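Open the model in your viewer and keep the sequence panel beside it. The stops below say what to select and what is there.

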Amino acid sequence: MPIYPRLYDDVINQNYALGLRRLEVLTGYASSSFVHHLIYTYENIHLDVILGMAKQDNISIWDHNEYVNLCENTGRLRVRYYNGRPAIHSKIFVWRGENGDAERVYTGSANLSWHGFRDYQEILVNANSDEIRAAFPPCDDLVDCTSPDVFQYFTMGFQQSPQSSSIDAGAVNHIIGDRQFVTLPLVMVNQNREVHEKSGLNWGQRHGREPNQAYIPIPSAIHQQNPGFFPPRKHEFNLITDDGQSFVCVVAQDNNKALESSHDNSILGKYFRIRLGVPLGGKVQTTDLTQYGRDTVRIYKIDDETYYLDFSQRGYNS
């Protein structure tokens, strides 16, 4: 019986290793960072996800945007929101074989999220596929996340306006309050605060690399002074920025020294170049940060799957 802490390995990893590739999920809640993790960790997986609590509890707009992005760019994900009443709080995982037959079915307490499969003590038990099938809602009550009409049925959390996919950065900033934060340098702190030549924001500035590749350095002292602040290495999380952008990121590299955008680490590099006014593909110079007025970022922890990056020109240099 899959229980914490073996849930991920027993329900996800082992079934994929057995050759199963199609996973249908009915879940009350999900997180886009965990869905992103599954899609890019298991390169042949096909996910069909139904979010049963979408009408009652707003999905964050950054989660919605990431679902849309993954659906449109991978072709291996479908996400639908339940538009009926009462809300569905069930958690059901159905692995199907190539012929479409249900081969492994689980039900229990775990949502499709890092909380469900990593952070909380959850349980999933084997179930009868015929009986479980009746728990899935009719297709008429489901709205695809990619539907052009989705905002007519659902209001998203931190949405800038009812018909907009933009993030209300001010609303996100409002909830930061006194949450824990760390300050990360974008420069070499022991060398006159110069920008790194071929690492950090200039990680891609070397032969054979995509020139926009970048990461935010995490000094070892940050991990020592703030144990558990960041998720485990290579465990994806959402990073929301003070100007209303969002990225799925990971802590990576030796000694967990880097914060990168997941799957494509040039995404974060492009973001900083645009914000600093540096041409895409160009090298970030120390003078670019000087002119901008800041050479650090502040990272706030909203929860175990969501962080907030402040690179505003208010300051916070240290």
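Start with helix 2, residues 32-41 of this predicted model. Which of its residues are buried? Colour Ser32, Ser33, Phe34, Val35, His36, His37, Leu38 and Ile39: these are the buried ones. With 8 of its 10 residues buried, helix 2 is largely enclosed by the rest of the structure.

Next, select Arg80, which sits in strand 3 (residues 77-82). Its relative accessibility is 9%, under the 20% limit, so Arg80 counts as buried. Show the residues around it, leaving out neighbours within four places in sequence: Arg80 is in contact with Asp48, Val49, Ile50, Leu51, Cys139, Leu142, Val143, Asp144 and Cys145. Of these, keep Asp48 on screen, since its side chain forms a salt bridge with that of Arg80, at 3.1 Å from N to O. Asp48 belongs to strand 2 (residues 46-51) and Arg80 to strand 3, so the pair ties together parts that are 32 residues apart in sequence. Both partners are buried.

Move to helix 9, residues 266-276. Here 8 of the 11 residues are buried, so helix 9, too, is largely enclosed by the rest of the structure. The buried set consists of Ser266, Leu268, Gly269, Tyr271, Phe272, Arg273, Arg275 and Leu276. Just after the helix comes Gly277, with a positive phi near 80°.

From helix 9, pick out Arg275 and add Asp242: their side chains meet in a salt bridge, 2.6 Å from N to O. Asp242 lies in the loop between strand 10 (237-241) and strand 11 (246-252), while Arg275 is in helix 9, so this pair ties together parts 33 residues apart in sequence. Asp242 is buried, at 16% relative accessible area.

What does Arg294 form with Asp310? Selecting both shows a salt bridge whose closest N and O atoms are 3.1 Å apart. The pair links distant parts of the chain, 16 residues apart: Arg294 is in the loop between helix 10 (286-292) and strand 13 (296-303), and Asp310 is in strand 14 (residues 306-310). Arg294 is buried, with a relative accessible area of 1%, and Asp310 is buried with a value of 1%.

For a linked group, select Glu24, Arg96 and Arg133, which are joined in a network of salt bridges. A search of the whole structure finds 12 salt bridges.

Now turn to the surface and select Lys198, Arg206, Arg209 and Lys257, which gather in a patch of positive charge. Lys198 is in the loop between strand 8 (181-185) and strand 9 (216-217), and is partly exposed, with a relative accessible area of 49%.

The remaining stops concern the backbone. Begin with Tyr4 and Pro5, joined by a cis peptide bond with omega of about 5°; Pro5 is in the segment before helix 1 (7-17). Another cis peptide bond joins Arg85 and Pro86, with omega of about -10°. Pro86 is in the loop between strand 3 and strand 4 (92-96).

Then select Arg193, which is not a glycine but has a positive phi of about 55°. Arg193 lies in the loop between strand 8 and strand 9 and is partly exposed, with a relative accessible area of 28%.

Finish at Gln253, where phi is near 75°, a positive value in a residue other than glycine. Gln253 is in the loop between strand 11 and strand 12 (258-261). Is Gln253 buried or exposed? At 15% relative accessibility, Gln253 counts as buried.

How values were computed:
Residues are numbered from 1 along each chain as its sequence is written. This is a predicted model: local features need pLDDT of at least 70, side-chain atom pairs count only at pLDDT 80 or more; totals for chains, interfaces and linings use all residues. Side-chain values use heavy atoms; hydrogens and water are left out. Helices (H or I, at least four residues) and strands (E, at least two) are DSSP runs, numbered from the N terminus. Buried means under 20% relative accessible area, exposed over 50%, partly exposed in between (1.4 Å probe, protein chains only). Contact means heavy atoms within 4.5 Å. Patches are made of residues with over 30% relative accessible area and no salt bridge: like charges are joined within 9 Å, nonpolar side chains (Val, Leu, Ile, Met, Phe, Trp, Tyr) within 5 Å. Accessible areas come from the Shrake-Rupley method with a 1.4 Å probe; for residues, only the protein chains shown count as cover. A salt bridge is a side-chain nitrogen of Lys or Arg within 4 Å of a carboxyl oxygen of Asp or Glu. Lys and Arg count as positive and Asp and Glu as negative; His and the chain ends are not counted. The place of a charge is taken as NZ of Lys, CZ of Arg, CG of Asp or CD of Glu.
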